[in-house]
Amino acid sequence: HYHQLHQLHADLRDAVEECNEIMRIEESYLEMAALEAELEPRDGKPLALVDASRILERRGDVTRVVVEDGRTARTKRLHLILMSDLVIIARHAPRRLSSMMRSDNRLQVKRLIPRGLVQVTDHPADPDKPESTNLISVVLDHEHDGQEQETFTLKCRSATDKERWLECFNPTIQEDDDYTIWNCPEHKAIADWTATNGDELDLRVGHVIKVVKKSEQGWYKGFFAHMPWNKRLNDAKWFPVNHTEEITDNEYTRNKARASSLRRA
């Protein structure tokens, strides 16, 4: 009886977790729809952000700054939006006379760029110059629209805010992972594999896996690419690499090639 009750408890717990995750996905869907309504696209065309595989990861106000000799020379308030596959840089729209008596949170889109083309890193602070704190460096690769690479500096609201932005832009599932979730190699299954343990993936021919860790024993760790990583519904697990082949033309390989060309330059 104890074993049956224990199993029943585990089944109920799993069911509750799955229901909670479904609710979270639904909330994310509604959140994305609300965000879409807030944004004013540059060309006037609808952005169509709502997508079952797209989630809003973080958003908030930042300040674009020009730092000269450790001091802030110019500033511009912006709103930064990070999604699972896109980055939006917007500015708060000027308040219209007709909206003075009500809340108006419209945002004008200045940049919309695939996440894989955005690099965000720490901007070291000068301890002797307080204005240089809480800064992050942003590099936008405009390969998709034929423009030159753009680099600028953003000031976060606090040290904690800066840390959270850096973690969101450069996430790993575990600290010892080899790659971040959004910038990692991809493999395609060329043979079926049935998992023999709970920490393994079930593979079917054609499945695409995002790889976050590699071992020298012929096993890689990854999650399915058709939906965002999720601890409950799409966790990273191990699979035999000899049942897959690497995809050589994807966002990761293009990012790697761009980084190599920048080092040579």
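Is K162 buried or exposed? In this predicted model, K162 is buried, with a relative accessible area of 13%, because buried means under 20%. The side chain of K162 meets that of D122 in a salt bridge, at 2.4 Å from N to O. K162 belongs to helix α2 and D122 to strand β6, so the salt bridge ties together parts of the chain that lie 40 residues apart in sequence. D122, at 43% relative accessibility, counts as partly exposed.

The chain as a whole gives the setting for this pair. Its secondary structure comes to 3 helices and 13 strands. Of the 265 residues, 37% are buried. The accessible surface is about 16100 Å², and carbon and sulfur atoms account for 51% of that. Among contacts between residues at least 6 apart in sequence, 51% join residues at least 24 apart.

Helix α2 also takes part in the nonpolar interior. In soluble globular proteins, nonpolar side chains tend to be buried together. Here the largest nonpolar core has 19 residues, and those with the most contacts inside it are L80, V118, L154, W165 and F169. Two or more residues of this core come from each of β3 (71–83), β4 (86–92), β6 (118–123), β7 (135–140), β8 (150–155) and α2 (159–169). Another core, of 12 residues, lies apart from it and includes L49, M83, L86 and V109. Beyond its neighbours within four places in sequence, W165 is in contact with R58, R59, G60, V62, L80, L82, I136 and C156.

Two further residues show what else surrounds this helix. E167 is placed in α2 and is partly exposed, with a relative accessible area of 48%. Its C-alpha atom is 9.9 Å from that of T121, a residue 46 places away along the chain. R157 lies in the loop between β8 and α2 and is exposed, at a relative accessible area of 60%. R157 and V62 are 95 residues apart in sequence, yet their C-alpha atoms are 6.7 Å apart. R157 is also linked with R58 and D161 in a network of salt bridges.

Side chains of opposite charge can pair when their charged atoms come close. The count for this model is 11 salt bridges. One of them joins E40 to R106, with the closest N and O atoms 3.3 Å apart. E40 is in strand β1 (residues 39–40) and R106 in the loop between β4 and β5, 66 residues apart. E40 counts as buried at 16% relative accessibility, while R106 is partly exposed at 26%. Another salt bridge joins E57 to R115, where the closest N and O atoms are 2.9 Å apart. This pair links strand β2 (residues 56–68), which holds E57, to the loop between β5 and β6, which holds R115, across 58 residues. E57 is partly exposed at 33% relative accessibility, whereas R115 is buried at 3%.

The last part to follow is an open sheet of 5 strands, with the order β12-β11-β10-β9-β13 and antiparallel pairing. β12 (237–240) and β13 (244–246) stand at the edges with a single partner strand each, so one side of each has no neighbour in the sheet. Neighbouring strands of this sheet are turned by 50° against each other on average, direction ignored. At the β12 edge, 4 bridges join β12 to the antiparallel strand β11 (residues 219–224). Within this pairing, W219 stands opposite P240 in β12.

Notes. Residues numbered from 1 in each chain as written. Predicted model: local features only at pLDDT ≥ 70, side-chain atom pairs only at ≥ 80, totals over all residues. Heavy atoms only, no water. Buried < 20%, exposed > 50% of the residue type's maximum accessible area, 1.4 Å probe, protein only. Contact = heavy atoms within 4.5 Å. Areas by Shrake-Rupley, 256 points an atom, 1.4 Å probe, with all protein chains shown as cover. Pairing = 2+ DSSP bridges. Axes fitted to C-alpha atoms, helices over the stretch in contact; angles between N-to-C directions. Core = buried A, V, L, I, M, F, W, Y, C linked by side-chain atoms within 4.5 Å. Salt bridge = Lys/Arg side-chain N within 4 Å of Asp/Glu carboxyl O.
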